[in-house]
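Colleague: I should like a close look at a single part of this model, namely its largest nonpolar core. Which residues touch the most other members, and which helices and strands supply this core?

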Amino acid sequence: MAHNITLPGLSPLYPDVHCTEDYEICQLITGESEINAATTVTSVAFSPLFDLTRTYFFIAGIAGISPKKATTGSVTFARYAVQVALQYEIDIRELNSNYSTGYIPQGADYPDQYPTSIYGTEVFEVNAELRTIAADFARKANLSDSATAQAYRKHYATPSGKFKAATLGPSVLECDVATSDVYYSGNILGSAFENTTKIWTNGTGDYCSTAQEDNATLEVLLRSSARKLTDFSRIIVMRTASDFDRPYPGSSAVYNLLYADQGGFEPALENIYVAGIKVIEGILDGWHTTFSAGVEPTNYIGDIFGTLGGTPDFGPGRKLDSGAYKKRSVSQRLSRRG
């Protein structure tokens with residue numbers, strides 16, 4: 001990068017914004033976790049040094065992946081980002097027998113209910129039209145893989161075919177991301193947060209990948225977009241799969257998290273670039289014909305409060321797209337604790 005711009009408020013580990021000679025492309029490393037992401041992106045989004053009003057924000061990082069949806073090395077593009085750990089939590093060892101998980105939405109009594117104590121960062125929805133365009137660009141890439149990953153995937157082959165997607169090679173797909181500072185592993189938590197994603201997006205969300213930063217980054221871009229400093233319709237959320245969020249049949253959650261050599265880490269890192277460069281080239285090549293003016297979203301974009309205008313297609317009172325996820329009737333209660 002030709003320009004290295006040191007900015008107050010960036011991570012001590014990554015104190016610079018790196019830009020090309022003509023400033024067309026800049027790279028920012030947020031640091032890991034929600035706090036680092038929020039602090040870093042705030043420093044840039046509200047800095048007078050940058051005019052970001054027409055900028056495309058390409059959020060990219062590695063992720064866990066559900067073996068029900070894809071395999072390691074795969075590239076995912078999200079429409080919804082769900083802050084799944086923003087809930088009550090009871091250690092599962094002290095849980096009543098009629099609970100399937102220790103995570104309970106705030107203001108609710110059971111895991112299958114929508115939260116009624118709402119902070120506003122629970123769910124973000126980005127431009128689905130832009131997501132599909134970005135995914136199509138990424139499909140032009142020759143994705144990296146590893147022999148270790150190929151061998152490890154075979155453990156997910158079962159007679160039921162439940163994890164068939166895990167046994168295949170890396171691919172590009174459109175599915176949604178769960179944000180949690182907790183690096184979780186196991187069938188119980190994976191299934192719980194898959195359920196959380198479905199309920200909190202009113203049956204529309206499709207959980208597949210896990211991340212630690214995305215909702216924090218999106219909240220900053222929402223607030224800056226509300227001030228006309230950024231454009232929330234110009235956000236792409238990409239995650240590449242480095243490991244499975246739950247073990248293969250017969251294995252344990254501890255082994256999956258701490259000891260398994262899944263072989264997906266290096267391909268995931270490589271595919272951020274391999275797939276990501278195709279997205280960036282596609283935007284630059286089509287700047288004058290498409291991207292300068294922006295890609296008009298056909299779906300709602302923003303948060304649960306409708307901060308940027310429009311009516312959210314998720315939240316209390318919204319009709320569920322799937323009858324399998326029913327919530328009890330409750331009065332909406334908004335709180336701003338802490």
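Modeller: The answer below begins with the core and then turns to a helix that contributes to it, a second core and a surface patch. Please note that this is a predicted model.

The largest nonpolar core has 26 residues, of which Val17, Val44, Phe50, Leu218, Phe232, Ile235 and Val237 touch the most other members. At least two residues of this core come from each of strand S2 (16-19), helix H1 (34-45), strand S4 (57-65), helix H6 (214-226) and strand S14 (235-244). The most is given by H6, with four residues. For Phe50, the contacts beyond its neighbours within four places in sequence are with Ile5, Leu7, Val17 and Val44.

Helix H1 merits separate description. Its 12 residues reach 16 Å from the first C-alpha to the last, close to the 16 Å expected at 1.5 Å a residue. Buried in H1 are Glu34, Ala37, Thr40, Val41, Ser43, Val44 and Ala45. The cover over the buried residues of H1 includes S2, strand S6 (80-83), strand S12 (176-179) and H6.

A second core, separate from the largest and made of 19 residues, includes Tyr56, Ala134, Ala275 and Val279.

In soluble globular proteins, nonpolar side chains tend to be buried together. On the surface, however, Tyr183, Val254, Tyr255, Leu257, Leu258 and Tyr259 make a nonpolar patch of about 650 Å². Of these, Leu257 lies in helix H7 (residues 253-259). Leu257 counts as partly exposed because its relative accessibility is 38%, between the limits of 20% and 50%.

Methods. Residues are numbered from 1 along each chain as its sequence is written. This is a predicted model: local features need pLDDT of at least 70, side-chain atom pairs count only at pLDDT 80 or more; totals for chains, interfaces and linings use all residues. Side-chain values use heavy atoms; hydrogens and water are left out. A nonpolar core is a set of buried Ala, Val, Leu, Ile, Met, Phe, Trp, Tyr and Cys residues joined through side-chain atoms within 4.5 Å. Buried means under 20% relative accessible area, exposed over 50%, partly exposed in between (1.4 Å probe, protein chains only). Contact means heavy atoms within 4.5 Å. The expected span of a helix is 1.5 Å times one less than its number of residues. Patches are made of residues with over 30% relative accessible area and no salt bridge: like charges are joined within 9 Å, nonpolar side chains (Val, Leu, Ile, Met, Phe, Trp, Tyr) within 5 Å. Accessible areas come from the Shrake-Rupley method with a 1.4 Å probe; for residues, only the protein chains shown count as cover. A salt bridge is a side-chain nitrogen of Lys or Arg within 4 Å of a carboxyl oxygen of Asp or Glu.
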